[in-house]
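Notebook open, structure loaded. I want to work through the strands, the cores and one helix pair, and jot down what turns up.

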Amino acid sequence: MNWSLAFEPLLAWPWLAALLVPVAALVTWGLFARQRGAWMRLAAMAALALALINPVLLDEEREPLKSVVALVVDRSQSQEIGDRRATTDRALEEMQARLARFDQYDVRVVETGQSDAADDRTQTRLFGALDSALRDVAPSRVGGAIMITDGQVHDVPESPGFSGPLHALVTGEEDEFDRRIRFERAPRFGIVDRPVTMSYRVLSTDGASGPVEVTVRVNGEHVVRQTAVIGEETEVDIVIPNAGRNIVELEFPVAEGELTATNNQTIAILDGIRENLRVLLVSGEPHAGERTWRNLLKSDAAVDLVHFTILRPPEKQDGTPINELSLIAFPTRELFVDRINDFDLIIFDRYQHRDVLPILYYDYIAEYVENGGALLIAAGPEYAGNQSISRTPLMAALPAMPTGEVVEQAFYPRLTETGERHPVTRGLEGSGQEPPQWSRWFRQIGIERPEGEVVMQGADDMPLLLLDRQGEGRVGMLLSDHGWLWARGFEGGGPHVSLYRRMAHWLMKEPELEEERLTANARGMTLEIERQTMEDEAGEASVTTPSGETLTVPLTAGAPGTFDGTVETDEIGLYRIANGDLETLAHVGPVNAPEFTDTVSTMEKLQPVADASGGTVRRIEAGLTGALDLPNIVPIRPGADADGRGWVGLQTTNDSVLRSVSRVPLFAGFFGLALLLFTFGATWYREGR
């Protein structure tokens, strides 16, 4: 019981003062004047004052509050090394059991390091979790905190930020050692097919030195194996193989007794940038759409264009030598012999064989395609004539021969079933409706025995656009010269820019336009996989995690020619994704995350903040015995020592919460009335004598 005295006056204090002060003055004057009965008047006035002030005896029923103890558990990825996870689970279970013996503690268990956000997994933020757990607790109620961790904490403050002791129970062995590799110099960009100099360093926590074998891979392909000296910076030259993202991977073997192999590899992401693509455009027969290709290629900042136009029609033959007809001599030998391999793409726009190019040069062009070059034929009526380039040695590189037929009728270019899936024509604006939402064309060249893939068709379902591979090179053939109608906006025009640009970039082997392609990207801790294919099904993707576990991810159909799959991951690092003959890499989380920079368990990081709070840091691994060296819990007063041999102290609080109050008025009822009447009666009696 908690007894206390309170006053609940019947009148406001100013009114009480106005009433009692004059009476008190008279009584006091009577005492100094030694009047008869002055003491009795004083007693009567006191009884009246008590009756008006109304004293009340209160009996409060209070419930003591519990001290809040935070039990913070490190579930970061470094805690997966060795037996740390099992040790953590056992320590958590035992500490919960020991804390449960004390009714004065409210235990809050906080597990951190398993958020879905990749950034939260790259660093161990125990103090942020601790602050969140105690945010609604008054400082006087904080009993303390116990952390179960490997000691690699990345948000250690200068002081704990609360009034209780902080105790850290560290997992892991004292004599651990680990090696890791990191990039010292790794540029973000590089020119495709040009070497880039990078440097790296192998580090060891035990101070060892000596050679190690480092394997270098680019996009999963082995490049070189070289010897590096531990602790010394080593350079390596990397040739960037393609445009876009390239992953450079370094890896060295695990040493005997090494803690983990997780950080024995590292990656750097290089964005490959192509030098300006070199395109040779040769325009033959003058026609209305002659400048369509030129305008498109000139507007592309990534293209260096060399353009020659033959303006003299073939029917105007008057015997004048070619070199006298042109203002600038056509450098045929320089372009088609000496420097032909400098071009990424050659375009013949309505070109027919004349004496401008010697017949042997067509053989050079066919050889150029066979060795990896790109050729585009934008055909017109001349392709079906007697001077067609199909009647030259270039025929070996062409995907179709003309029949000699020129179809003059209106038609809508339409995507074939193959074209709906092919990256060059897939999703062309206006192709999803019937008829397509673009203008008609009015001329098409007939062909026979087409090779490669027919992605567009025209009049009477005849092939309109062919894409073919010849040896290591590629060939495209557009069998109409009316694409310029789209560029001019006839009947609303059409997507000529998208179509022409995709054709050119596919021919120049742009990775994004490959028919068979596997890519993967990380969004947070979700791995997103995309497969481009011309097949009806893509099957399943095999995902290898950084720890070596293999997952199977089904790929479901998305847009035509694409299949997608996602998988939720719980590890930071490099993932290998395979589907059929294709393989790609993806990195979840930041490259070289702090979580794997230091993996050896330590007491040093938490020791200063624990000392400042009056707590302690101790290892709980018991070595070969298998038992855990866990401390006992001892309740202590605030400010008392919280550390002893085999025990740790947690504060208890004196705070309580009021449940009920019992009131006993002292001058209420018959007792107060009787006392008041008695004092006034005694005064009257004394005054009457």
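Which residue in β17 stands opposite L281? I looked it up, and the residue is I347. Reminder to self before going on: this is a predicted model.

**Entry 1: strand β15 and its partners**

I started with β15, residues 277–283. Six of its seven residues are buried, so I'm noting this strand as largely enclosed by the rest of the structure. On one pairing, β15 is joined to β17 (residues 345–349) by five bridges, and the two run parallel. The other pairing I checked is with β16 (residues 303–309), again parallel, through seven bridges. L281 turns up here too, standing opposite H307 in β16. Then I followed the chain from β15 to β16: the path goes through helix α6 (residues 290–298), and this β-α-β crossover is right-handed.

**Entry 2: the cores**

Next I pulled up the nonpolar cores. General background for this page: in soluble globular proteins, nonpolar side chains tend to be buried together. The largest core here has 39 residues. V279, W293, L345, I347, M456, L499 and M503 are the ones with the most contacts inside it. Helix α12 (residues 496–507) is the top contributor, giving six residues. There is also a second, separate core of 35 residues, and I spotted L335, Y351, A384 and I447 among its members.

I then clicked on W293 and ignored its neighbours within four places in sequence. That leaves contacts with L281, I347, D349, L376, A378, Y500 and M503. L281 and I347 are on that list, and they are also the pair standing opposite each other between β15 and β17.

**Entry 3: α6 against α12**

How do α6 and α12 pack, by angle and axis distance? I get about 75°, with the axes 11 Å apart. Angles of 65 to 115 degrees count as roughly perpendicular, so α6 is roughly perpendicular to α12. From α6, the contact is made by T292, W293 and L296. From α12, H496, V497, Y500, R501 and M503 take part.

I wanted a second look at H496, which sits in helix α12. Is H496 buried or exposed? Its relative accessible area is 16% and the cut-off for buried is under 20%, so H496 counts as buried. Leaving out residues up to four places away in sequence, H496 touches T292, G483, W486 and A487.

**Entry 4: the five-stranded sheet**

I moved on to an open sheet of five strands, which I wrote down in the order β8-β14-β13-β10-β11, with mixed pairing. β8 (189–191) and β11 (221–229) are the edge strands, each pairing on one side only. On average, neighbouring strands in this sheet are turned by 30° against each other, direction ignored. I checked one pair in detail: β10 (residues 211–218) and β11 are antiparallel, with eight bridges. Within that pair, E213 has T227 of β11 as its bridge partner.

**Entry 5: a glycine in a loop**

Last stop was G257, in the loop between β13 (244–251) and β14 (265–273). Its relative accessible area is 60%, and exposed means over 50%, so I logged G257 as exposed. I also looked up its spacing to E176: the two are 81 residues apart in sequence, yet 8.3 Å apart in space, C-alpha to C-alpha.

Technical notes
Residues numbered from 1 in each chain as written. Predicted model: local features only at pLDDT ≥ 70, side-chain atom pairs only at ≥ 80, totals over all residues. Heavy atoms only, no water. Core = buried A, V, L, I, M, F, W, Y, C linked by side-chain atoms within 4.5 Å. Buried < 20%, exposed > 50% of the residue type's maximum accessible area, 1.4 Å probe, protein only. Helix = DSSP H or I, 4+ residues; strand = E, 2+ residues; numbered from the N terminus. Contact = heavy atoms within 4.5 Å. Pairing = 2+ DSSP bridges. Right-handed = clockwise from strand over helix to strand, strands pointing away. Axes fitted to C-alpha atoms, helices over the stretch in contact; angles between N-to-C directions. Parallel < 35°, antiparallel > 145°, perpendicular 65-115°, else oblique.
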